[in-house]
Amino acid sequence: MSDCNISPEKLKLLRAPFLPNQISKKPVPTKAQTDALKADYKIGIRCTQCGGWHHKDVQHLDYVGHAAITDRLLDVDPCWNWEPVALLADGTPSLDANKGMWIKLTICGHTRLGYGHAEGKQGGDAIKEVIGDALRNAAMRFGAALDLWHKGDLHADDEPAPTPTKEAEQKAEQKAEQKAPAKQQPAPEAADIFAEVSANFSKCVTIERLDNGMKYYQPKVFPGDLPKLADIYNDHLARIKDAVAQSQQFDEVA
């Protein structure tokens, strides 16, 4: 191989993006899709992207065809050339066991290898496909259509993985707390109830829950008219004080 003497301008031209009209769509069916189409040819569709007949769910890859690659190579070096790595006895290119072919592509005096395969095609179309595929592969070694071979951004700056922010850590903790079983709150002590009722008279209405609604305030407890709010409050206050006193006595005995 000769020393690389390709000028920066020509290298830049080799790596220049191809125009949309120079990019073709290549169907890439899965084995299951291919088998399904063989079993029932009618399930296929005439694709509006590639013009082929294939399974409706087939994905496509962008690629540059033989003609577009040849045009680019001619722009860079009108004297570019390729040759097979191996020849048969009759002078024709030698294919390997996989029906593929290795070639040497020379641009501006510099040579690089490439490999092509026909992917199931037969006859003369297979030979042309092998040559075109090998040229695309070898030209990619010089940078031609490299962005189409790579699925990501080749020139994106490498960035370190972001460290979790304080806000993100707090959200993670909250999420973990939500998944954790809820802690059972202890029942309020009589003294706590007494303090709450004494602090705010209006809250005495909530004390009704202690005796399961209004059952406690039936006429047999308060004869005559319905009890006034003050009567309810005073009665409960007295009972709570008794509960507190009993609790204190229990603590002393214990």
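Me: Before we dig in, what counts as a salt bridge here?
Reply: We're looking at a predicted model. The pair needs a side-chain nitrogen of Lys or Arg and a carboxyl oxygen of Asp or Glu. The cut-off between those two atoms is 4 Å.

Me: So how many salt bridges does the structure hold?
Reply: Going by that 4 Å cut-off, the count for the structure comes to eight.

Me: Which residue does Glu119 meet in a salt bridge, and which parts of the chain does the pair link?
Reply: Glu119 sits in the loop between β7 (110-116) and α4 (123-141). Its partner lies in strand β1 (residues 23-28), 93 residues apart, so the pair links distant parts of the chain, with "strand" meaning a DSSP run. The N to O distance is 3.2 Å, and the partner is Lys26.

Me: Is Glu119 buried or exposed, and what about Lys26?
Reply: Exposed takes over 50% relative accessible area, and buried takes under 20%. Glu119 has 55%, so it is exposed. Lys26 has 25%, which falls between the cut-offs and therefore makes Lys26 partly exposed.

Me: Is Arg136 buried or exposed?
Reply: Arg136 forms a salt bridge with Glu129, with the closest N and O atoms 3.5 Å apart. Its relative accessibility is 12%, and the cut-off for buried is under 20%, so Arg136 counts as buried.

Me: Which residues do shared salt-bridge partners join into one network?
Reply: Lys121, partly exposed at 44%, forms a salt bridge with Glu129 at 3.4 Å. Arg136 forms a salt bridge with Glu129 too. Salt bridges sharing partners make one network of Lys121, Glu129, Asp133 and Arg136.

Terms used
Residues are numbered from 1 along each chain as its sequence is written. This is a predicted model: local features need pLDDT of at least 70, side-chain atom pairs count only at pLDDT 80 or more; totals for chains, interfaces and linings use all residues. Side-chain values use heavy atoms; hydrogens and water are left out. Helices (H or I, at least four residues) and strands (E, at least two) are DSSP runs, numbered from the N terminus. Buried means under 20% relative accessible area, exposed over 50%, partly exposed in between (1.4 Å probe, protein chains only).
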